[in-house]
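I sat down with this one to see how its chains meet and how one of its sheets is put together. Here is my notebook, so you can follow along.

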Amino acid sequence: MSVEATIGEFLTGILPRLRDDRSLPSWPPDCFAVCLALLKRTGAYAKLLQDWPPDRHASEGLAKWTTSVQETGNEWRDGWSSWTPNTELTTAWQRVCDSFGAALGGLSADRALCEALFKLVVVADEASEGTGAPEDPEEDDAFLRASRDALRSRATLGDEIDPTRLRILPRMHTPQNGLTDRSLSLYLSLCEAGEVTPHWLSTPFLQHESLNLLLIPWPAEVLVSQFRDVTNAANMALPDRFGYFTYDISNQCEDLAGCVEALYAEAKRNLGRIDGVVLPELSLTDQQFRDLRDILPPDCFIVAGVGGADKQGRGENEVRLSFPPMDVLRQKKHHPWKLNESQIVQYGLGGVLTPSLDWWEYADLAERSLRFVAINQDLVICALVCEDLARPDPVANIVRTVGPNLVIALLMDGPQTRERWAARYATVLADDPGCSVLSLTSIGMARLSRPEAGPNRSNVVALWKDAFKGATEIELPPGFAAIAVSLSVRYREEFTADGRGDDGKAAFPILSGTHPIADPRRR
Amino acid sequence: MAAGSMVLLTPHDSSVLSSLVQYSRPSDRRQQLLDSLEKPDARMVGEAFFDDQKYEKAPEEVRLTVDQFRAWVDNNKHRRLQREALRRAARR
């Protein structure tokens with residue numbers, strides 16, 4: 001006979017010391033995680049918010065709620081290290097502790113307990129404002145110092161809560177649609193402990209009024225012969241209806257460094273400044289990436305897909321993020337590409353990969369990680385490689401929870417038209433939590449792609465989606481080799497489901513200009 | 001990067017220095033962060049950021065890196081003031 005879990009069993013699974021020591025967690029992110037995890041597990045917040053706020057019949061009940069929790073949060077933040085919790089919070093926490101023996105399933109019906117948990121969540125959230133992005137602190141802020149230490153050393157904001165149990169990360173966007181646990185906080189994210197290690201990193205990147213990016217949809221040509229059947233050489237056995245393939249980029253012999261240098265100079269001549277260069281999935285070899293880093297100035301970051309093969313012939317497929325003076329960050333792709341009959345026909349690969357089999361990309365997918373690069377309060381960037389954008393596990397759910405301001409998706413894909421898959425998943429991230437998403441494929445892959453019906457729009461090499469407008473296709477006109485795009489930041493107030501606002505601090509990069517760039521050497 | 005460029009910082013040291021230059025008003029805190037840096041070059045950057053004499057004697061790549069962090073601190077302050085002005089304007 002099964003036995004229902006109790007609130008105490010659930011909470012001690014997150015914070016084991018609660019078995020012996022039931023004092024309120026003094027570090028706000030710990031309190032946030034313990035209480036929100038319980039509300040999330042039971043879904044009790046949905047019922048609670050059907051009659052909201054607690055003092056809803058009083059005049060200005062919502063204003064009183066938001067003011068009260070903000071003031072209590074500020075009080076907690078200002079003196080967290082030597083803080084004696086105020087009576088309101090100790091009463092709420094005692095209500096939780098008194099319920100340790102109660103069944104989880106009964107939580108939703110206990111409104112007083114739900115209100116106590118919810119108050120602890122939102123006060124801890126208010127206490128944690130500004131934990132995510134490096135910003136100019138007006139005055140000395142011990143809480144921000146400690147939170148940055150925690151993020152850097154343990155990749156979580158948790159102190160007492162070990163990341164093998166739950167991970168707490170900053171939040172850059174709060175969903176403005178739907179109702180989930182993510183709708184309940186402005187500054188903190190609750191992430192399940194998982195196989196992916198997130199890294200939250202800072203680098204002194206200077207942000208101007210706009211962020212000008214040079215998108216280089218390299219390579220210009222992809223050959224069918226670059227796809228190889230490696231089934232017999234692979235170290236992994238599969239049923240007969242499957243095979244393994246790799247994509248060989250070692251024979252791309254054009255003068256990429258010279259080309260990028262010329263395009264960068266031309267784009268800079270046009271826009272006055274280029275802040276970053278972006279190249280698609282599997283567009284560069286390791287050496288080409290190093291060459292690019294050498295020729296581009298340190299005030300220009302690079303986000304690029306780099307490929308190769310290890311000594312056993314297993315493919316390497318990763319994104320590299322270079323934000324000087326920080327050394328290059330590497331993040332491997334998390335999911336292998338699977339080519340089915342439809343895609344083999346779409347890309348015309350039947351000459352090397354029989355359409356009667358399904359083909360898996362033979363790639364090294366170990367050591368799963370996700371890098372968040374915090375440039376300043378307005379911009380936290382992360383990059384995804386192809387399928388990582390589409391699959392909810394293991395990284396897309398973390399991305400949705402954190403809501404980085406800008407997601408760059410590097411693809412090896414067909415044209416980036418509105419109706420294709422990348423636009424669908426970019427829209428999901430733009431709607432909830434509010435990320436701006438840029439996807440980029442190579443002109444070579446876009447040209448290799450042949451639609452089953454309708455015109456071939458192979459010049460659509462990139463797509464932009466933000467929270468304000470529909471997806472914008474970015475075309476590479478004939479005779480041009482790159483596109484410079486300008487991103488500007490728009491601020492908008494975001495609200496939690498309980499009615500708290502962030503005072504207009506949520507930052508949204510928006511597309512504010514596109515300019516095709518030709519290689520000046522070919523005029 | 002080419003010669004004459006900044007010190008190449010490990011991701012850890014880049015993040016420590018970012019904290020150091022923004023959130024290091026207590027001196028014991030400053031020393032704690034300096035001690036946690038992995039590479040000697042990064043430590044030189046951190047020390048030169050706060051000590052003009054060490055800055056003057058530092059190699060060019062260290063000075064360039066310090067300059068970058070100083071510009072970044074100013075940039076962050078400028079952007080904060082700009083954001084606050086925008087919010088004030090939006091409330092009117």
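These entries cover the contact between two chains and then a sheet in one of them.

**Entry 1: the model.** I noted before anything else that this is a predicted model.

**Entry 2: where the chains meet.** I looked up the contact between the two chains and found 32 residues of chain B touching 30 residues of chain A. Next I asked which elements of chain B give two or more residues to that side. They are helix 1 (11-22) and helix 5 (60-91) of chain B. Helix 5 of chain B gives the most, with 14 residues. I also sorted the residues on this side of chain B by character: 14 are nonpolar, eleven are polar and seven are charged.

**Entry 3: the sheet.** Moving to chain A, I traced an open sheet of seven strands, in the order 10-9-8-7-4-19-20, with mixed pairing. Why is one side of strand 10 and of strand 20 of chain A left without a neighbour in the sheet? Strand 10 (329-332) and strand 20 (506-517) stand at the edges and have a single partner strand each, so one side of each stays free of a neighbour there. I checked the twist too: on average, neighbouring strands of this sheet are turned by 25° against each other, direction ignored.

**Entry 4: one edge, closer up.** I followed strand 19 (residues 482-492) of chain A, which runs antiparallel to strand 20 of chain A and is joined to that strand by eleven bridges. As an example, I picked L487(A), whose bridge partner in strand 20 is L511(A).

**Entry 5: a helix across the sheet.** Last, I found helix 9 (residues 286-295) of chain A lying across strand 7 (276-284), strand 8 (301-309) and strand 9 (315-322) of chain A. Helix 9 runs at about 160° to strand 8 of chain A.

Note on methods: Residues numbered from 1 in each chain as written. Chains lettered and ligands numbered in written order. Predicted model: local features only at pLDDT ≥ 70, side-chain atom pairs only at ≥ 80, totals over all residues. Contact = placed C-beta atoms within 7 Å. Helix = DSSP H or I, 4+ residues; strand = E, 2+ residues; numbered from the N terminus. Nonpolar A, V, L, I, M, F, W, Y, C, P; charged D, E, K, R; others polar. Pairing = 2+ DSSP bridges. Axes fitted to C-alpha atoms, helices over the stretch in contact; angles between N-to-C directions.
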